[in-house]
Structure formats: C-alpha cells, structure tokens
Amino acid sequence: WVQRARAQQQPPEVLFGLDVREDSLPQDVIGETRALWERGEKRAAIALLYRSALSVLIHQYAFRFNSGHTEQECANIVAGSDCSECHWFVDNITRAWQQTAYAHLPPDEQAWHALCEHWPEFSSRGE
C-alpha cells in the first residue's frame, strides 16, 4: 500500500505517449520549436511545445495529472484552477495539439506565433 501511495504521488513521466520529463526537453524550447516549424515539421513543433507545457504544469505549477488522464481532462483541471495565467495558454496549446495530432490540421501562422509569444510568460510564472 505504501509503495502504491508513493507511486501515485510521483508525477507522470509520460502522458498520452508524450515524454513530459523535464530532462527530456531542450534548454531552448521556443528556439527548437521554431526551428522545427521553419523546417516544415509542424507536428513535431506542436508536440514539443505541448509536452513542454505539460511538463511546466507538472513541475513548476505542481498540477497533479496522472497517466490515465486525457488531453481534455488535463485542460479541464487547469481550467478549474485559480491559475489564470495558465488558462489561455493551456486552452490554446491543447486545441492546437489535438487538431494537429488527430485532424492533421496544424495552427495557422498567427495562432502559432501567438503561442510562441506567450510561452516565456507561461513557462516562467510557476517558478
């Protein structure tokens, strides 16, 4: 029982097949995502930004997600919190990820640039 309780307290390393460990992410998330985007690797760029956002939510903002949560459940947890600085970014990156991953429709340039512009504020607030 104690081992199971400790395991439940540990943040997940993978959510929906995405590695959300801090050490799996590049130092310059935006630089890397922009490079991927510019090379036409839009799905990879969105995936990196999305998993980076999940990692920030887990490790900086201390959100409690478990490996069984879906993308929408994670977004709903954030939406139900008092973390107002998280709401816009999480809602938009989740939508961009779902549309890219499942409908194969990456965000347009304007939406992409808005995510990149909001990243520094989002990723540094939880520190």
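Okay, quick bit of bookkeeping before the pocket: I'm counting Ala, Val, Leu, Ile, Met, Phe, Trp, Tyr, Cys and Pro as nonpolar, Asp, Glu, Lys and Arg as charged, and everything else, Gly among them, as polar. Hold on to that for a minute.

So, what you have up there is a predicted model. The chain has 127 residues, and the secondary structure comes to six helices and two strands. Reading from the N terminus, the order is α-β-β-α-α-α-α-α. In other words, one helix, then both strands, then the rest of the helices.

A few overall numbers for the chain. Buried residues are 39% of the total. The accessible surface is about 7400 Å², and carbon and sulfur atoms hold 47% of that. On contacts: if you take those with a separation of 6 or more, 66% are between residues 24 or more positions apart.

Now, the pocket. How much space lies in the largest one? About 270 Å³. Its lining has 16 residues, and the ones nearest the centre are L25, V29, V56, Q60 and W119.

Which helices each supply at least two residues of that lining? Those are α2, at 29-38, α3, at 42-59, and α6, at 109-125. The largest share comes from α3, with four residues.

And here's where the bookkeeping comes in. By those classes, the lining of the largest pocket splits into six nonpolar, seven polar and three charged residues. If you want somewhere to start looking on screen, go to W119 and Q60, which are among the residues nearest the pocket centre.

That's me done.

Terms used. Residues are numbered from 1 along each chain as its sequence is written. This is a predicted model: local features need pLDDT of at least 70, side-chain atom pairs count only at pLDDT 80 or more; totals for chains, interfaces and linings use all residues. Side-chain values use heavy atoms; hydrogens and water are left out. Buried means under 20% relative accessible area, exposed over 50%, partly exposed in between (1.4 Å probe, protein chains only). Contact means heavy atoms within 4.5 Å. Accessible areas come from the Shrake-Rupley method with a 1.4 Å probe; for residues, only the protein chains shown count as cover. On a 1 Å grid over the protein atoms alone, a cavity is a set of points where a 1.4 Å probe fits but cannot get out, and a pocket is an open set with protein on both sides within 12 Å along at least five of seven lines; lining residues have an atom within 4 Å of a point. Grid points are joined across faces, edges and corners, and a volume is the space filled by probe spheres set on the points.
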